[in-house]
Amino acid sequence: MTGISKKTRFSPKRQAVMDIFDNGGVYTAPEIAELLPDMDLTTVYRNLKHLITAGYIKELTLSNGVASYESAYENHQHAVCKNCGKVYHLHIDETQLKKLIPDIDFEVENVEIIIKGHCKN
Ligand SMILES: [Zn+2]
Ligand SMILES: [Zn+2]
């Protein structure tokens with residue numbers, strides 16, 4: 001899915017929101033609104049919602065119930081520092097993860113793990 005944002009035509013505002021995520025970062029809606037001064041928070045939310053529905057952006061709830069967003073380029077897991085809020089992207093083989101799930105007559109669609117702790121430095 002890498003680089004898909006370049007090939008798809010978005011409205012200029014939607015493209016501006018997409019471009020924020022090009023560096024692989026994780027942002028909350030207010031942070032995005034701050035980076036895009038000509039867009040208010042409502043507009044940011046509306047564009048995020050469209051991009052999530054279209055599968056380009058993924059919503060994460062990493063801590064305190066606050067929604068963060070990142071590019072949906074690849075399914076992966078996260079570790080979050082409780083001190084500084086730094087988010088680490090963990091690429092764990094999903095087929096291995098699924099093997100760890102007990103058989104409860106349940107069809108697993110995807111696995112989202114959020115590991116909480118502290119940076120070592
Ligand atoms: Zn930290
Ligand atoms: Zn991530």
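Let's start with the big division: the domain assignment splits this protein into domain 1, residues 4-71, and domain 2, residues 77-117. Keep in mind as you look around that this is a predicted model. Computed over C-alpha atoms, the centres of domain 1 and domain 2 sit 22 Å apart. Where they touch, domain 1 puts in four residues and domain 2 also puts in four. On the domain 1 side of that contact, three residues are nonpolar, one is polar and none is charged.

Now step back and take in the whole chain. The C-alpha trace spans about 50 × 35 × 25 Å along its principal axes. What secondary structure does the protein have? There are five helices and six strands, and if you walk from the N terminus, the elements come in the order α-α-β-α-α-β-β-β-β-α-β. Of the 121 residues in the protein, 12% are buried. As for contacts between residues at least 6 apart in sequence, 47% of them join residues at least 24 apart.

Next, find the sheet with the order E1-E3-E2. It is an open sheet of three strands, and its pairing is antiparallel. Its edges are strand E1 (27-28) and strand E2 (57-63), each of which pairs on one side only. Strand E3, residues 66-71, pairs with E1 in the antiparallel sense through two bridges. To see the two strands face each other, look at threonine 28, which stands opposite serine 68 in E3. As a bit of background, strands of a sheet pair through backbone hydrogen bonds, and they can do so parallel or antiparallel.

From here, move on to the nonpolar core. Which residues make up the largest one? There are nine: Val17, Phe21, Ile32, Val44, Leu48, Leu51, Tyr56, Ile57 and Tyr69. Helix H4, residues 41-53, supplies the largest share of this core, with three residues. In soluble globular proteins, it is a general tendency for nonpolar side chains to be buried together. Tyrosine 69 is a good residue to click on here. Setting aside neighbours within four places in sequence, tyrosine 69 is in contact with Tyr27, Leu48, Ile57, Lys58 and Glu59. Two of those names, Leu48 and Ile57, also appear in the list of core residues.

There is another sheet to visit, with the order E5-E4-E6. This one is also open and has three strands, but its pairing is mixed. Strand E5 (87-90) and strand E6 (114-117) are the edge strands, each pairing on one side only. From one strand to the next, the twist averages 20°. Strand E4, residues 77-81, runs parallel to E6, and four bridges join the pair. One place to look is histidine 78, whose bridge partner in E6 is isoleucine 114.

Finish the tour at phenylalanine 106, which lies in the loop between helix H5 (94-99) and E6. Is phenylalanine 106 buried or exposed? Phenylalanine 106 counts as exposed because just 8 other C-beta atoms lie within 10 Å, and a residue is called exposed when that count is 12 or fewer. For a sense of distance, compare phenylalanine 106 with leucine 41: the two are 65 residues apart in sequence, and their C-alpha atoms are 38 Å apart in space.

Methods: Residues numbered from 1 in each chain as written. Chains lettered and ligands numbered in written order. Predicted model: local features only at pLDDT ≥ 70, side-chain atom pairs only at ≥ 80, totals over all residues. Domains from an automatic or database assignment. Contact = placed C-beta atoms within 7 Å. Nonpolar A, V, L, I, M, F, W, Y, C, P; charged D, E, K, R; others polar. Pairing = 2+ DSSP bridges. Buried ≥ 20, exposed ≤ 12 C-beta atoms within 10 Å, placed from the backbone. Core = buried A, V, L, I, M, F, W, Y, C linked by C-beta atoms within 7 Å. Axes fitted to C-alpha atoms, helices over the stretch in contact; angles between N-to-C directions.
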